[in-house]
Amino acid sequence: MKPEELSNYIKKIRELEYNLQVEDRLLVKLDGKCLISKAGTKLYKLGTEDFSEVTDEYMTEAEILMSLKNYEALMLSAPKYCKACIKAGTQVTAVLDDFAQIVGHRAPILDRDVHKIASSLRKDSAVLINTKGELSHGYAITTGRNPYEAVVAMTVLEKSAEIVLKASAIGGAKELGFFIVNTNRRKYLNKYSRAERRIADEKK
């Protein structure tokens with residue numbers, strides 16, 4: 001990804017109704033390097049100047065992103081319902097069409113292990129990380145073919161986590177079938193996302 005592309009995606013991210021928390025980070029591949037957003041950056045104020053090269057604390061996530069050849073961005077967040085799912089030991093599954101399209105089948109709960117996380121993200125675009133007492137008892141990772149898609153995936157993951165948790169009190173949410181998820185995911189990946197189409201149009 002080039003700087004001008006990052007700038008265009010950031011404009012689209014600002015339109016989303018998702019507020020970055022203090023511990024949230026957005027990692028991107030830029031000119032062969034891995035950059036990370038500054039701590040405490042507000043989503044609606046995000047700019048290219050808010051990114052710098054990854055430091056030691058986030059080298060694990062940087063290594064994961066750089067190993068994923070089909071993805072250009074990775075988001076770290078610790079939203080309320082994702083953390084609750086980690087605490088309850090409940091993975092988030094495809095109960096929404098949006099989840100099936102943007103994430104895939106599930107967001108499993110994993111330890112902070114580079115190889116396990118990268119392997120899972122090659123299949124589905126989200127994981128929940130159990131840090132066992134560190135980083136507010138866990139966080140979520142979502143990936144995207146661009147920064148906008150990574151942030152959208154996080155919003156869909158959090159909404160799905162809320163549904164899964166609340167439905168567990170009344171017998172559980174009904175998951176979409178394996179074939180339906182595969183079909184929805186394949187269709188989504190084979191087409192431009194809305195942001196990609198808009199940015200492609202702007203380049204003409």
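Start by selecting strand β4, residues 73-77. Strands here are DSSP runs of E with at least two residues, helices are runs of H or I with at least four, and both are numbered from the N terminus. Five of the five residues of β4 are buried, where buried means under 20% relative accessible area, exposed means over 50% and partly exposed lies in between, using a 1.4 Å probe and protein chains only. Before you go on, note that this is a predicted model, in which local features need pLDDT of at least 70 and side-chain atom pairs count only at pLDDT 80 or more, while totals for chains, interfaces and linings use all residues. Residues are numbered from 1 along each chain as its sequence is written, and side-chain values use heavy atoms, with hydrogens and water left out.

Now colour β4 by face. In a regular strand the side chains alternate between the two faces of the sheet. On one side of β4 you will find Ala 73, Met 75 and Ser 77, on the other Leu 74 and Leu 76, and all of these are buried.

**The neighbours of β4**

Add strand β1, residues 25-30. β1 and β4 pair in the antiparallel sense over four bridges; two strands count as paired if DSSP finds at least two bridges between them. To see one of these positions, pick Arg 25, whose bridge partner in β4 is Leu 76.

Next, bring in strand β9, residues 139-144. Five bridges join β9 to β4, and the two run antiparallel. Here, select Leu 74 together with its bridge partner in β9, Thr 143.

**The whole sheet**

Zoom out and show the seven strands of the open sheet, in the order β3-β2-β1-β4-β9-β8-β7, with mixed pairing. The edge strands are β3 (51-53) and β7 (109-110), each of which pairs on one side only. Go to the β7 end, where β7 and β8 pair in the parallel sense over two bridges. Ile 109 stands opposite Leu 128 in β8.

With the full chain on screen, count eight helices and nine strands. Of the 204 residues, 51% count as buried. Among contacts between residues at least 6 apart in sequence, 64% join residues at least 24 apart; a contact means heavy atoms within 4.5 Å.

**A buried aspartate**

Select Asp 124, in the loop between α5 (114-121) and β8 (126-129). Which side chain of opposite charge is nearest to Asp 124? That is Arg 106, 4.5 Å away, and Asp 124 is buried yet has no salt bridge. For charges, Lys and Arg count as positive and Asp and Glu as negative, while His and the chain ends are not counted. A salt bridge needs a side-chain nitrogen of Lys or Arg within 4 Å of a carboxyl oxygen of Asp or Glu.

Label the backbone nitrogen of His 105 as well: the side chain of Asp 124 reaches that atom at 2.9 Å. Leaving aside neighbours within four places in sequence, Asp 124 is in contact with Val 103, Gly 104, His 105 and Arg 106.

**Salt bridges to visit**

By this rule there are six salt bridges in total. For one of them, show Lys 33 and Glu 53, whose side chains meet at 3.6 Å, N to O. Lys 33 lies in strand β2 (residues 33-37) and Glu 53 in strand β3, so the pair ties together parts that are 20 residues apart in sequence. Both ends are partly exposed: Lys 33 has a relative accessible area of 44%, and Glu 53 has 47%.

Then move to helix α6, residues 147-167. Lys 159 forms a salt bridge with Glu 162, with the closest N and O atoms 3.9 Å apart. These two are three residues apart, about one helical turn. Lys 159 is partly exposed at 44%, whereas Glu 162 is buried at 19%. Glu 162 also meets Lys 166, at 2.7 Å from N to O, and that pair is four residues apart in the helix. Select Lys 159, Glu 162 and Lys 166 together: salt bridges that share partners join them into one network.

**Last stop: cysteines**

A search of the whole structure finds zero disulfides, a disulfide being a pair of cysteine sulfur atoms within 2.5 Å. Show Cys 82, for which the nearest cysteine sulfur, that of Cys 85, is 6.5 Å away. Cys 82 is buried, with a relative accessible area of 1%. Finish at Cys 34, which also counts as buried, at 11% relative accessibility.

Technical notes:
A polar contact is a pair of N or O atoms within 3.5 Å; within protein, one must be able to donate a hydrogen and the other to accept it, and residues adjacent in sequence count only if both atoms are side-chain atoms.
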